[in-house]
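Let's take a friendly walk through this structure, one neighbourhood at a time. Have the viewer open and follow along.

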Amino acid sequence: MKRVVVSIVLLAFALLLPSRMLAQWVSVDGPYVDAGGVFAQVGSNLFVATENYVFRSTNNGDSWTPVNNGLPEDGIYSLLGVGTKLYAGADASSGSLYVSSDSGASWKMLDMMYFKSGIKQPVGDVMSLASLGENLFVGTSYGLVLRSDNEGDSWTLVKGNMSY
């Protein structure tokens, strides 16, 4: 009896497994996203940053609209959705970090300097973004990690020069 039950379970597993293995991705028309493309979500909106632009989809990726009013024309390296805000990490030459509170319709550049010995210090390109609780974190091309506990209004150096 035990062998019969085991055989039935194995047969059912063998019959169901191929359908799971054959699940397919569906291609959608949209912006070209290479290996550097990054995604973020705010509410029901999906965002993607390509090398030069940020796009928004309001319908699960079926169509995409550019949302670049106030963003630099190149060098968007990271995106992060936190609550109703979307952050975009950028090239230092164009302002490092931007925030949108209207689903990308407009963007505001944030001051990404931090103080060291009373002197404002540059941070480099914002390559990565993360949030933890009320804190926002950035990782930069200078090997720095900075933290903001006030939605990016001011920054504290957490770790300097994390390069190898």
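Before looking at strand partners, one definition helps: two strands count as paired if DSSP finds at least two bridges between them. Keep in mind, too, that this is a predicted model.

With that in hand, go to strand 5, residues 76-82, and its partner strand 6: the two run antiparallel and are joined by 6 bridges. To see the register, pick out L79, which stands opposite A88 in strand 6. The connection between these two strands is a hairpin with 2 residues between them. In its turn sits G83, whose phi is positive, about 60°.

Now look to the other partner of strand 6. Strand 7, residues 97-100, pairs with strand 6 over 4 bridges, again in the antiparallel sense. Here Y87 faces V99, a residue of strand 7. This pair forms a hairpin as well, with 6 residues between the strands, and G95 in the turn has a positive phi of about 120°.

How many of the 6 residues of strand 6 are buried? The count is 5, so strand 6, which spans residues 85-90, is largely enclosed by the rest of the structure. K85 belongs to strand 6, and its relative accessible area of 23% makes K85 partly exposed, because buried requires a value under 20%.

K85 also leads us to the next stop. Side chains of opposite charge can pair when their charged atoms come close. The structure holds 1 salt bridge, and in it the side chains of E151 and K85 meet at 3.0 Å, N to O. E151 lies in the loop between strand 13 (145-148) and strand 14 (156-159), while K85 is in strand 6, so the pair ties together parts that are 66 residues apart in sequence. E151 counts as partly exposed, at 48% relative accessibility.

For a last stop, move to N45, found in strand 2, residues 45-49. Is N45 buried or exposed? Its relative accessibility is 13%, so N45 counts as buried. Setting aside neighbours within four places in sequence, N45 is in contact with A40, R56, S57, T58 and S103. For R56, which is 11 residues from N45 along the chain, the C-alpha atoms of the two are separated by 6.6 Å. With S103 the link is a polar contact, side chain to side chain, at 3.1 Å.

Note on methods
Residues numbered from 1 in each chain as written. Predicted model: local features only at pLDDT ≥ 70, side-chain atom pairs only at ≥ 80, totals over all residues. Heavy atoms only, no water. Buried < 20%, exposed > 50% of the residue type's maximum accessible area, 1.4 Å probe, protein only. Salt bridge = Lys/Arg side-chain N within 4 Å of Asp/Glu carboxyl O. Contact = heavy atoms within 4.5 Å. Polar contact = N/O pair within 3.5 Å; in protein donor to acceptor, adjacent residues only side chain to side chain.
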